[in-house]
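Okay, thanks for coming, everyone. I'll put the structure up and then we'll walk through it piece by piece.

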Amino acid sequence: MKLVILKCYMPLKIDYLVVGSGLTGGTIARLLHESGREVVILEKRNHIGGNVYDHFHPSGIRIHTYGPHYFRTNSEKLWNFVNRFSSFYKYEPSLKSFVDGNFENWPVTGSYIKKTVGINWKPSFYGLPANFEEASLKIMPEEIYLKFVKGYTEKQWGVNAKELSAELVKRFDVREDDEPRLMRHKYQGIPSNGYAEFTRNLVEGIPVLLNVNYLTNKDMFDVKKKLIYTGPVDEFYNFQYGKLEYRGQKREHTYFEDINYYQPCGQVNYPMPEHGKHIRALEWKHMILKEFSDKIKGTVITKEIPFTPQNTDEYEYPFPSERNKLLYKKYEAKAREDTKLLICGRLGEYKYYDMDQAIARAMELSNEIIENEYAAEENYSTSLYS
Ligand SMILES: Cc1cc2nc3c(=O)[nH]c(=O)nc-3n(C[C@H](O)[C@H](O)[C@H](O)COP(=O)(O)OP(=O)(O)OC[C@H]3O[C@@H](n4cnc5c(N)ncnc54)[C@H](O)[C@@H]3O)c2cc1C
């Protein structure tokens with residue numbers, strides 16, 4: 001009702017309008033608000049938090065709605081910042097891959113390589129890799145690539161590994177030691193009462209309008225200083241130059257009432273095509289504190305099945321290709337022409353950001369906004385007296 005009233009009379013005048021209540025929009029809004037700026041957040045979903053949102057399954061198990069989120073950072077500054085909005089319990093994920101009928105550590109450990117291919121393995125590709133397959137064969141034994149990486153990658157992206165960019169290999173880690181933890185960051189954890197509460201605290205005190213799509217309600221807002229938009233950049237421009245490609249994942253949840261634990265850890269990867277279309281299975285009970293999980297009957301398993309979404313709400317991973325890189329550059333150049341507009345975040349910058357990177361980027365952008373405003377005010381006041 002409130003929104004209809006706004007529409008009938010006059011647009012809402014606001015200095016800073018932040019579109020999107022994910023970590024990027026939430027952090028920018030928080031920092032602008034704390035520096036005394038007038039900010040309103042718009043969110044087209046019916047909840048705050050964007051992609052990190054979580055909810056409860058009827059069994060009492062907390063599920064990360066849009067896929068598992070493991071927070072990690074080496075930065076004390078970021079760790080202190082996120083701890084202002086929630087305490088975190090320690091969670092250092094150790095993953096497995098289901099290969100040859102066994103749950104093997106992922107990333108592959110030094111002792112597995114020693115056992116299967118020996119220590120004197122030779123790369124099967126030398127030179128400058130032109131694609132993902134060549135880049136992988138340069139850094140890992142072919143047997144490891146075929147069992148653990150090729151199938152997973154091809155399911156994830158929906159194309160042959162030879163069609164993918166060599167740069168993707170940077171996300172793979174081939175270990176010489178037997179460290180089972182996925183990440184070795186100084187700080188790792190999950191917010192004590194979940195990400196939904198964490199992000200609600202992040203925007204505490206800032207007006208948030210839920211269920212409002214900015215793109216279909218632009219005339220409701222009169223933005224005085226800056227529009228900060230964290231949705232998909234191509235959609236902002238009505239796909240004028242073409243659509244950027246993404247991969248998304250369908251999530252199939254199954255509740256096993258009479259099973260306490262289904263798999264050995266929170267995340268098991270399924271790289272072999274014969275094991276199905278899903279790339280991983282998540283068991284959320286492993287990701288919560290034992291004092292809570294012990295009281296829960298049964299367990300929930302979520303299978304993630306990659307697909308190519310058309311609906312922008314389902315966009316997850318930017319598709320790594322030259323075409324998309326060039327297309328994004330065109331949108332980026334267009335956005336730069338408008339000094340009252342900032343398009344940012346994982347969807348706005350068409351970039352995979354881990355949570356800590358998204359927050360760090362949002363902090364950097366907020367500082368730029370504030371500094372540019374001070375500089376503009378100073379120029380104005382010196383021109384008055386010159
Ligand atoms: C499957 C998956 C798993 C991940 N796991 C991890 C992990 O384990 N660890 C880690 O560090 N990072 C992880 N990430 C990355 C993490 O999700 C991002 O860093 C984070 O979501 C970035 O936040 P954002 O605000 O930029 O984007 P988002 O969270 O997507 O927020 C954008 C918001 O804008 C809203 N919006 C869009 N268009 C409009 C519009 N027109 N009007 C109003 N609102 C709009 C959207 O509804 C959304 O709420 C994962 C990402 C994915 C895809």
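So, find Glu 76, which sits in helix α3, residues 76-83. This is a predicted model, by the way, so keep that in mind throughout. Is Glu 76 buried or exposed? It's exposed, because there are just 10 other C-beta atoms within 10 Å, and the cut-off for exposed is 12 or fewer. Now pick out Phe 148 as well. In sequence Glu 76 and Phe 148 are 72 residues apart, and in space they're 34 Å apart, going C-alpha to C-alpha.

Okay, domains. The chain divides up like this: domain 1 takes 2-48 plus 203-245 plus 315-385, domain 2 is 95-171, and domain 3 is 249-312. Between domain 2 and domain 3, the C-alpha centres are 23 Å apart. The contact there draws on 15 residues from domain 2 and 14 residues from domain 3. Which elements give two or more residues on the domain 2 side? That would be β7, β8 and α6, with α6 being residues 142-157. The largest share belongs to α6, with seven residues. If you sort that side of domain 2 by class, you get eight nonpolar, four polar and three charged residues.

Let's stay with β7 and β8 for a minute. Strand β7 runs over residues 95-99 and strand β8 over residues 102-106, and they pair in the antiparallel sense over five bridges. One of the pairs to look for is Val 99, whose bridge partner in β8 is Asn 102. The two strands make a hairpin, with two residues between them. In that turn, look at Asp 100: it has a positive phi of about 50 degrees.

β7 has another partner too. Two bridges join β7 to strand β13, residues 267-269, and here the strands run parallel. Opposite Lys 96 you'll find Val 268 in β13. For anyone new to this, strands of a sheet pair through backbone hydrogen bonds, either parallel or antiparallel.

Following the chain out of β8, we hit a cis peptide bond, between Trp 106 and Pro 107, with omega at about 0 degrees. Pro 107 belongs to the loop between β8 and α4, where α4 is 110-116.

Next, a sheet. There's an open one with three strands, in the order β5-β9-β6, and the pairing is antiparallel. Why do β5 and β6 each have one side without a neighbour in the sheet? β5 (71-73) and β6 (88-90) stand at the edges and each has a single partner strand, so one side of each is left bare of sheet neighbours. The twist from one strand to the next averages 40 degrees. Zooming in on β5 and β9, that antiparallel pairing covers three bridges. Arg 72, for example, has Gln 188 in β9 as its bridge partner.

β9 also leads us to helix α7, residues 194-202. The buried residues in this helix are Gly 194, Tyr 195, Ala 196, Phe 198, Thr 199 and Leu 202. What do they pack against? They pack against α2 (23-34), β3 (54-56), β4 (62-64) and β9 (187-191). A handy thing to remember here is that an α-helix has 3.6 residues a turn, so residues three or four places apart point the same way.

On to the ligand. There are 35 residues around it, and the ones that come nearest are Gly 20, Gly 22, Gly 50, Gly 231 and Gly 345. Which helices should you look at for this shell? α2, α11 (345-348) and α12 (355-385) each supply at least two of its residues. By class, the shell splits into 15 nonpolar, 13 polar and seven charged residues.

Last stop, a couple of asparagines. Asn 211 has a phi near 60 degrees, which is a positive value in a residue other than glycine. You'll find Asn 211 in the loop between β10 (208-209) and β11 (221-229). Asn 211 is exposed, with 11 other C-beta atoms within 10 Å. Then there's Asn 238, where phi is near 55 degrees, again positive in a residue other than glycine. This one is in the loop between α8 (233-236) and β12 (246-256). Asn 238 counts as exposed because it has 8 C-beta neighbours inside 10 Å.

Technical notes: Residues are numbered from 1 along each chain as its sequence is written. This is a predicted model: local features need pLDDT of at least 70, side-chain atom pairs count only at pLDDT 80 or more; totals for chains, interfaces and linings use all residues. A residue is buried if 20 or more other C-beta atoms lie within 10 Å of its own, exposed if 12 or fewer, and partly exposed in between; C-beta atoms are placed from the backbone. Helices (H or I, at least four residues) and strands (E, at least two) are DSSP runs, numbered from the N terminus. Two residues are in contact if their C-beta atoms, placed from the backbone, lie within 7 Å. A residue is near a molecule or strand if its C-beta atom, placed from the backbone, lies within 6 Å of it. Ala, Val, Leu, Ile, Met, Phe, Trp, Tyr, Cys and Pro count as nonpolar, Asp, Glu, Lys and Arg as charged, and the others, Gly among them, as polar. Two strands pair if DSSP finds at least two bridges between them. Axes are lines fitted to C-alpha atoms, for helices over the stretch in contact, and angles run from 0 to 180 degrees between N-to-C directions. Domain bounds come from an automatic or database domain assignment.
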